[in-house]
Amino acid sequence: MALLFVSAHDHAPDWVAELTAQLPGIEVRVWPSGHRDVRVWPEGLGDPAEIDTALVWKPPAGLLASLPNLKVIFSLGAGVDALLADPTLPGLPLVRMVEPGLTEGMTEYVCLHVLRWHRDAPLFEARQRAGVWRQLTHQHLARERRVGILGLGALGGDAALALKALRFDVAGWSRSPKHLEGIATYHGAEGLGPFLARTDILVCLLPLTPETEDILDAGLFAQLPRGAVVINAARGRHLVEEDLLAALDSGQLAGATLDVFRTEPLPASHPFWSHPKVTVTPHVAAITQARTAVEQVVDGLKRLAAGRPLVNLVDRARGY
Ligand code: NAP
Ligand code: GLV
């Protein structure tokens with residue numbers, strides 16, 4: 001039987017090497033054709049009936065439904081919104097990606113950008129460009145800065161603990177109640193207002209679901225203290241872009257770091273590119289690491305073979 005690998009990036013050779021090393025005997029089919037190193041493996045679907053496992057990022061709608069003997073779908077990414085948007089997605093076990101590389105990468109990104117705003121790096125970068133030497137009269141410490149994380153799952157939970165270790169005053173918001181040592185936790189619709197009211201730097205690490213789409217809007221920004229900062233490393237459709245621009249222009253928000261956008265790549269004419277209060281990164285906050293991700297696939301396949309429950313299964317009714 002064979003494993004279908006679908007990825008948007010030109011990095012298939014690393015993945016094929018890792019899959020072949022950790023799953024000896026499995027044939028890897030890479031889709032679509034046209035990767036750089038085309039002679040290394042047989043490309044394309046081949047006989048679709050031979051494919052029983054899929055490891056995929058944004059496969060075209062209908063592709064997975066065309067595989068009659070598919071048994072399990074592993075998502076290459078933590079977020080499965082694109083997969084769930086395919087109305088033909090087979091009703092098979094769908095496993096989202098939780099692996100240490102993705103978690104550590106996201107925590108690094110969140111700490112970098114929280115510290116960047118906390119220590120006024122954008123201000124000093126602008127002053128450097130203008131050749132201005134002006135010192136601060138008071139330096140705020142991390143313990144005086146309230147960071148709030150929307151989503152306390154695999155990524156939000158780890159980032160919260162790392163920020164706590166840097167001495168930030170950290171809170172998190174989730175759907176169900178949580179206990180995380182040293183973190184103030186809030187949950188549900190009734191917990192959102194109090195959570196926002198005590199958040200100077202807001203980090204979005206929610207999955208994109210019908211409940212969370214457009215959550216970063218004017219109403220939410222108005223509940224943050226004036227001068228707060230927003231960091232969105234989740235999905236572009238969490239953010240109402242025009243509401244963010246208005247909140248930045250009015251001074252309700254002091255800045256934003258955005259890694260994800262409604263349209264990716266971000267169009268060249270988009271105002272975010274040149275907005276003085278916006279930092280743009282090109283959906284690179286955290287990238288799935290081949291070695292540790294394939295370890296999760298191996299574990300999942302062993303569980304399936306032994307009839308044991310899969311971990312990190314997507315709950316389709318919840319949407320994540
Ligand atoms: P996860 O483990 O499923 O955690 C999701 C968290 O969000 C959970 O705490 C969940 O609450 C909470 N949540 C979901 N719906 C909610 C709602 N309606 N109200 C309140 N809280 C809600 O997901 P993850 O692995 O941390 O990943 C989060 C997202 O990050 C992914 O879905 C993806 O979109 C994004 N991501 C982005 C990048 C990037 O490079 N930019 C990389 C990886 C992932 P419960 O704990 O109560 O279930
Ligand atoms: C990346 O965006 C992911 O969901 O893993």
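Student: What radius of gyration does the chain have, and what would a compact globule with 320 residues have?

Tutor: The radius of gyration is taken over C-alpha atoms, and the globule rule is 2.2 Å times the number of residues to the power 0.38. For 320 residues that puts a compact globule near 20 Å, and the chain has 21 Å, so the two agree. The C-alpha atoms fill a box of roughly 65 × 45 × 35 Å along the principal axes. Keep in mind that this is a predicted model, where local features need pLDDT of at least 70, side-chain atom pairs count only at pLDDT 80 or more, and totals for chains, interfaces and linings use all residues. Residues are numbered from 1 along each chain as its sequence is written, chains are lettered from A and ligands numbered from 1 in the order in which they are written, and side-chain values use heavy atoms, with hydrogens and water left out.

Student: How many helices and strands are in the chain?

Tutor: Helices (H or I, at least four residues) and strands (E, at least two) are DSSP runs, numbered from the N terminus. Here you get 9 helices and 12 strands.

Student: In what order do the 5 strands of the open sheet come?

Tutor: Two strands pair if DSSP finds at least two bridges between them. In this sheet the order is 2-1-3-4-5, with parallel pairing. Strand 2 (27-31) and strand 5 (94-95) are at the edges with a single partner strand each, so one side of each has no neighbour in the sheet.

Student: Which strands does strand 3 pair with?

Tutor: Strand 1 (residues 2-6) pairs with strand 3 in the parallel sense over 5 bridges, and Phe5 stands opposite Leu55 there. Strand 3 (residues 51-56) also pairs with strand 4 (residues 72-75), again parallel, over 4 bridges; look for Thr53 opposite Val72.

Student: Is strand 3 buried or exposed?

Tutor: Buried means under 20% relative accessible area, exposed over 50%, and partly exposed in between (1.4 Å probe, protein chains only). In strand 3, 6 of the 6 residues are buried, so the rest of the structure largely encloses it. Across the chain, 49% of the 320 residues count as buried.

Student: What about strand 7: how many of its residues are buried?

Tutor: Strand 7 (residues 169-174) is mostly covered, with 5 of its 6 residues buried. Strand 6 (residues 146-150) runs parallel to strand 7, joined by 5 bridges, and Gly148 sits opposite Ala171.
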